[in-house]
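I opened my notebook today to look at aromatic rings and what sits around them. Come along as I go through my entries.

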Amino acid sequence: MNLALLIITPLLTALLVLFSRNKQQVKWISLAGSVVQLALAFILLGAYEQERADLNTAQMLFEQNYQLFASLNINLHFGVDGISVAMILLTAFVSIAGVLVSWNIEKMTKEFYFLLLLLGLGAYGFFISLDLFVLFFFLEISVIPKYLLIGIWGTGRKEYSANKLALMLMGGSALILVGILGLYFVGGHSFDLIELSKASITPDIQKIIFPLLFAGFGVFTALFPLHTWVPDGHSSAPTAGSMFLAGISMKLGGYGCLRVAVYLLPAGARDYANIIIILSAIAILYGAFATMMQKDLKYINAYSSVSHVGFSLLGIGMLTQTAVTGAVMQMVSHGLMTALFFAVIGMIYDRTHTRMVAELGGLMKVLPFISTVLFIVGLCSLGLPGFSGFVAEMTILMGSWQNNDIFHRVATIAAAMSIVVTAVYILRAVARTMMGPIKNEQFLQLKDAAWNEKLAAILLVAAILAIGLVPGWLNDLLRPAAEIITERIGGK
């Protein structure tokens, strides 16, 4: 498996889009490129599983290492483990769904799809990079497209939201860059992840570098209280932009917290674990209660994302193998779920021109497919068994409970309490939107989902059910990598 194909494919697709002559060519080229990306992700999964079945126990598989800047010891070093493969699959599913739901974009279509493809390119490169400098480069590739997507194609206070998002993410990037440079100078002048994991970095140095890296990546993944860009950014972004922001971009931060900060600085992770747990528990409860106060469907999903992502950070902070496995499962589950949620909200807004729950009602009568998908994603969000949300959150809570002291048990119980609050706001929002009498007679003329919207929804629902009904494959994929990380920390 040549991992470079995961970068070359979206890059070539983006270049072909730039040379397209009309909007239809742009759309079909983007869709074809996304289909190839999804096929490559499945080929990678199959090849990875085959290597493990053949008893290949290497930490990273399909490694490629090309010298980039010899004087600074910067290399194009690619490789994947189970966590990387899961993130690549997530990116492929959200990418193709984002292309499909944007089929009716008429304003600067070529530029819109070009930026979407750049977001995917940055994510793939980030997840396969084993050189921290290159990893940081791909992380930055995704910041400018987000800014432009919101600023040009967004709604509401789009300029304010775009500026706020860009400034906060660049602030997080500055912290990450300082942390990476710190690792470079104390780790033998190397950016290589594998080499740095073998370097002897003293606990005192780790205490300094760890909060820089964790907080920097935490900005991307809505670590409380660095989450304030999330509601504004999500609510103002176009539908595909919201899907990418919540479904992929926030996962870059979670992946970085785990792969870079925790893995390379285990002593720092142990020292700051309790702080991470406290901030995560606050985010889970704060996000849930804040969501109850929202009246806009996009703000409901945005604030609920703060709560759901808090579960991922909680799992990382608990430092047990089961909790870390659950944290990555939650990243994948939340990425699929929130992308689908934003897609459905976009479908509703395109037809009704409102996202306010009070102005909607009775849509089940005229939009049966869209309403059914909204019910499904709502049930996944509140953690109903059979969906990916239940599997991921239960795995985190079970792993958290393995820490048998009072502090960890109280944090686990506090996080579990949010499930009740989640059920309240999800059921209330879905019921008021879809059930009851039709409040606006103009809604009687609405048309249900088009073919492209149905295909996007079906793909994401299928992925959610594949995890919820048969979670063993994802657990088996993630557990060996989680075990390596927790062994370095000295966790259970």
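These are my notes on ring pairs, a ring cluster and charges over rings.

**Entry 1, the model.** I noted before anything else that this is a predicted model.

**Entry 2, ring pairs.** I like to recall that two aromatic rings are described by the distance of their centres and the angle of their planes. I then looked up how many aromatic pairs there are, and the count comes to 18. One of them joins Y184 and F185, with 5.1 Å from centre to centre and 80° between the planes. Because planes over 60 degrees apart count as edge-to-face, I wrote this pair down as edge-to-face.

**Entry 3, buried or exposed?** I checked the two partners in turn. Y184 has a relative accessibility of 8%, so I put it down as buried. F185 has a relative accessible area of 54% and is therefore exposed.

**Entry 4, a stacked pair.** Next I turned to F210 and F214, whose rings are stacked, 5.4 Å centre to centre with 25° between the planes. Where do F210 and F214 lie? I found both in helix 9, which covers residues 203-220. They are 4 residues apart there, about one turn of the helix. I also noted that both F210 and F214 are buried.

**Entry 5, a cluster.** I found F126, F127, F217 and Y255 together in one aromatic cluster.

**Entry 6, charges over rings.** Which residue has its charged end over the ring of Y349? I found R355 there, 5.4 Å from the ring centre. My last find was R488, which lies over the face of Y263, 4.7 Å from the centre of that ring.

Notes. Residues are numbered from 1 along each chain as its sequence is written. This is a predicted model: local features need pLDDT of at least 70, side-chain atom pairs count only at pLDDT 80 or more; totals for chains, interfaces and linings use all residues. Side-chain values use heavy atoms; hydrogens and water are left out. Rings of Phe, Tyr and Trp (its six-membered ring) pair if their centres lie within 6.5 Å; planes under 30 degrees apart count as stacked, over 60 as edge-to-face and the rest as tilted. Buried means under 20% relative accessible area, exposed over 50%, partly exposed in between (1.4 Å probe, protein chains only). Helices (H or I, at least four residues) and strands (E, at least two) are DSSP runs, numbered from the N terminus. A charge sits over a ring if NZ of Lys or CZ of Arg is within 6 Å of the ring centre and within 35 degrees of the ring normal.
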